[in-house]
Amino acid sequence: MSVASAQRPTRILVDLDRLAGNLEAIRAHVRVPVMAIVKANAYGHGLVPVARRLEACGVDRFGVAFLEEGVALRRAGVRAPILVLGGIYGPQVAQFLAHDLEITVSSVDKLRQVEAAAESAGRRAAVHLKIDTGMERIGVHHDSAGPFVEAAVASRWCEVKGIYSHLACADDPASPMTAVQLARFLDACAHFDRLGAPMPLRHLANSGGVLHFPETHLDLVRPGIVLYGVLPAPASRPTIPVRPALSLVSRVVYFKVVRAGRPVSYGATWAPPADTRVVTVPIGYGDGFPRALSSRGRVLIGGRAYPIVGRVCMDQFMVDIGSDSAWNEDEVVLIGRQGEAEIRVEALAETAGLIPYEILVGLNERVPREY
Ligand SMILES: *Cc1c(COP(=O)(O)O)cnc(C)c1O
């Protein structure tokens with residue numbers, strides 16, 4: 001961290017002990033190995049520090065979305081198996097092999113591409129077969145998995161480490177879709193038995209599956225957001241005692257009195273009905289703090305919640321503290337606890353009309369992270 005950003009009053013505080021505690025809580029609940037999902041900068045928490053801590057806790061595997069995220073983990077010295085979950089882009093296969101990354105194979109064509117690259121590199125590729133059971137994203141449809149599994153099992157250059165699918169509706173414990181997807185997935189896995197081939201790791205459960213559907217845990221689970229202590233959706237139930245690992249804080253940089261009727265911020269969308277005290281906070285949508293919180297969100301100052309007034313700007317926003325007091329350099333909590341008060345990512349997301357994932361992942365590199 002540069003001196004300038006170390007002095008920035010706005011920062012993300014990541015509690016790695018909580019993260020470790022969440023991993024333990026998930027393990028105790030599922031009783032199968034865990035692939036920690038650390039894509040998108042570990043959901044905004046910081047890829048390398050998060051992965052290092054989880055690896056020190058003995059996490060079994062990592063999952064990322066893209067090649068470059070896997071390469072970054074290897075460069076940081078992470079040694080656990082890493083699966084790249086995204087659809088592969090053919091020209092990149094040699095890089096997967098060079099960095100010892102496990103590859104998602106999502107069609108017979110992609111299998112052939114991986115085989116060709118593995119043969120020319122002279123080393124076998126570790127692959128996980130992706131089955132589409134209802135997401136219509138990537139993967140071979142469950143009802144045509146037979147020839148796909150056969151081709152993979154017969155492949156000289158691919159070692160099949162896993163077979164997996166992704167749940168579309170598991171964040172809602174009442175959705176009937178998950179049972180349908182599970183049945184389709186198990187049918188696809190049965191091709192290994194039919195062929196007399198050893199069953200690779202079967203994995204299906206994201207956070208929703210981990211929280212709500214024990215029958216989806218199978219041989220390995222892939223929690224993302226719940227690992228960071230956040231629930232995936234308003235319908236989700238907190239069946240595991242996880243706690244949020246991330247706080248977002250800033251400090252007051254300006255105090256003024258705004259006269260009745262004088263509008264605040266771009267577009268002049270809000271004005272106080274009576275004279276009021278307004279403070280300015282130096283963070284905005286340029287940091288990933290959602291503009292959708294304009295005149296809707298709240299922040300904590302001195303252990304109390306106050307409304308954001310007017311539009312959130314790129315680099316700052318204003319808060320109406322009424323007739324209360326606040327001083328320059330007072331702490332402002334945007335996510336997390338202050339005294340007895342708390343602002344949770346889930347609530348912030350609902351206010352903004354976003355999902356919790358977007359809030360976390362949106363917090364960008366301009367905000368220094370402290371561990
Ligand atoms: C992102 C992702 C996950 C983790 O999802 P969460 O809802 O954050 O738990 C699991 N599996 C795959 C394939 C993913 O892309």
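The exercises below concern a predicted model of a protein chain with a ligand.

**Exercise 1. Describe the protein chain: how many helices and strands does the chain have, and what share of the residues is buried?**

Step 1. The secondary structure comprises twelve helices and 19 strands.

Step 2. The C-alpha trace extends over about 80 × 45 × 40 Å along the principal axes.

Step 3. The chain has 371 residues, and 53% of them count as buried.

**Exercise 2. Find where the ligand sits and which residues are closest to the ligand.**

Step 1. Start with the site: the ligand is located in the largest pocket.

Step 2. Around the ligand there are 13 residues, and the closest of them are Lys39, Tyr43, Ser207, Gly224 and Tyr357.

Step 3. Sort the surrounding shell by class. It contains six nonpolar, four polar and three charged residues.

**Exercise 3. Determine which atoms of the ligand pair with polar side-chain atoms of tyrosine 43, tyrosine 357 and arginine 222, and how much of the ligand is covered.**

Step 1. Take tyrosine 43. One of its polar side-chain atoms is 2.5 Å from an oxygen atom of the ligand.

Step 2. Take tyrosine 357. An N or O atom of its side chain lies 2.6 Å from an oxygen atom of the ligand.

Step 3. Take arginine 222. Here the partner is a nitrogen atom of the ligand, at 2.9 Å from a polar side-chain atom of the arginine.

Step 4. Compare these distances with the cut-off for a polar contact, which is a pair of N or O atoms within 3.5 Å. The pairs at 2.5 Å, 2.6 Å and 2.9 Å therefore qualify as polar contacts.

Step 5. On its own, the ligand has 390 Å² of accessible area, of which the protein covers 92%.

**Exercise 4. Place proline 223 in the chain and decide why it is classed as buried or exposed.**

Step 1. Proline 223 belongs to the loop that runs between β10 (220–221) and β11 (246–251).

Step 2. Its relative accessible area is 0%, so proline 223 is buried, the cut-off being under 20%.

Step 3. Look for a partner distant in sequence. Isoleucine 37 is 186 residues away from proline 223 along the sequence, yet their C-alpha atoms are 6.0 Å apart in space.

**Exercise 5. Do the same for threonine 133, and state which side chain it contacts.**

Step 1. Threonine 133 lies in the loop between β6 (125–132) and β7 (140–141).

Step 2. The relative accessibility of threonine 133 is 1%, and therefore the residue counts as buried.

Step 3. The side chain of threonine 133 makes a polar contact of 2.9 Å with the side chain of glutamine 181.

Conventions: Residues are numbered from 1 along each chain as its sequence is written. This is a predicted model: local features need pLDDT of at least 70, side-chain atom pairs count only at pLDDT 80 or more; totals for chains, interfaces and linings use all residues. Side-chain values use heavy atoms; hydrogens and water are left out. A residue is near a molecule or strand if one of its heavy atoms lies within 4 Å of it. A polar contact is a pair of N or O atoms within 3.5 Å; within protein, one must be able to donate a hydrogen and the other to accept it, and residues adjacent in sequence count only if both atoms are side-chain atoms. Accessible areas come from the Shrake-Rupley method with a 1.4 Å probe; for residues, only the protein chains shown count as cover. On a 1 Å grid over the protein atoms alone, a cavity is a set of points where a 1.4 Å probe fits but cannot get out, and a pocket is an open set with protein on both sides within 12 Å along at least five of seven lines; lining residues have an atom within 4 Å of a point. A molecule sits in a cavity or pocket if more than half of its atoms lie within 2 Å of its grid points. Ala, Val, Leu, Ile, Met, Phe, Trp, Tyr, Cys and Pro count as nonpolar, Asp, Glu, Lys and Arg as charged, and the others, Gly among them, as polar. Helices (H or I, at least four residues) and strands (E, at least two) are DSSP runs, numbered from the N terminus. Buried means under 20% relative accessible area, exposed over 50%, partly exposed in between (1.4 Å probe, protein chains only).
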